[in-house]
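Hello,

Here is the structure I promised to pass on. Please open it first, then read my notes below.

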Amino acid sequence: MKIATTQFTCVPADISANVRQMAALAAEARAQDAELVVFPELALTGYELDALSADPGLWVDADDPRLDAIRESGIATVVNCAAATGGERPAVETLVYGSDGELITTYRKQHLHEQEQSVFVAGQRDGRFELGGLRFALATCYDNHFDELTRRGAADGCQVHLASSLYGTGGGVEERAAVHPGIAKDSNLYVVLANHVGPAGAWTGCGGSALWAPGGALLVEADADTTMVVTADVGQAVPAAEPSALRAGQEERRS
């Protein structure tokens, strides 16, 4: 299976504008023959915690018509958002849709970072789904820093770990570069990271959306400052590539 990951600059608290960007990126991923595309954390609104706390109109559910353009893109999509829970606070939720637009599964972020704990409700279960003969594990940003969560995916027969995240400039650059190849090495999984680029709430996303092979070898990586789609083949043995081969094999979108 060819999998795509993305990065873009979200329009703060504007679901319609971000859905348009995501639908365009999904269409490009499909044009590159990808069967699945992954988006960053809180991609529908941007990482706008004050707005999400104040305005329940920014919370969605799986059949929200505002997401129709994504569901109709003809490719399986991994969409992270603020989702209504029936209570006073939303969850940071991943919605996984098939290429036919039907909901496959949902996952709620279990490990909330400091500033998120007063805004969101934490999830209580792991996220799993199967597509194209592969079994996937889901995680959101800070989840990826907890070894027990990522190891459960490998123990549960998963082959691919999908991480919708926000890593910023500064210390986030080193975290992004250490955590995800570490998961690939320690849990022997393919790892797919979707990160923000540019302004993201109080942060500036450092980009670098990427895919790693089991063992930690980098397959493909986006740059630090450009809206982009990158793709790689997943689910087969991949030999270590020379840097020039990585560059030649990288398929990207530049705004």
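In β7, L138 stands opposite G127. Keep in mind that this is a predicted model.

The strands β6 and β7 (residues 134-140) run antiparallel, joined by five bridges. Both belong to an open sheet of six strands, ordered β6-β7-β8-β9-β12-β13, and the pairing is mixed. β6 (127-131) and β13 (218-221) are the edge strands, each pairing on one side only. From one strand to the next, the twist averages 20 degrees.

A helix lies across part of this sheet. Helix α4 (residues 147-155) crosses β6, β7 and β8 (160-164), and runs at about 170 degrees to β7.

Next, look at L193. This residue sits in strand β9 (residues 190-194). L193 counts as buried because its relative accessibility is 0%. Leaving aside residues up to four places away in sequence, L193 touches ten that I list here: T5, A163, S165, Y167, R176, H180, G208, S209, A210 and W212. L166 is 27 residues from L193 in sequence, and their C-alpha atoms are 9.7 Å apart in space.

Then there is helix α1 (residues 15-31). Its 17 residues should span 24 Å at 1.5 Å a residue, and the end C-alpha atoms are indeed 24 Å apart. Buried residues of α1 include I15, V19, M22 and L25. The buried residues pack against β1 (2-7), β2 (36-38), α3 (68-71), β3 (76-83) and β14 (228-233). Just after α1, D33 has a positive phi of about 75 degrees.

Best wishes

Terms used: Residues numbered from 1 in each chain as written. Predicted model: local features only at pLDDT ≥ 70, side-chain atom pairs only at ≥ 80, totals over all residues. Heavy atoms only, no water. Helix = DSSP H or I, 4+ residues; strand = E, 2+ residues; numbered from the N terminus. Buried < 20%, exposed > 50% of the residue type's maximum accessible area, 1.4 Å probe, protein only. Contact = heavy atoms within 4.5 Å. Expected span 1.5 Å × (residues − 1). Pairing = 2+ DSSP bridges. Axes fitted to C-alpha atoms, helices over the stretch in contact; angles between N-to-C directions.
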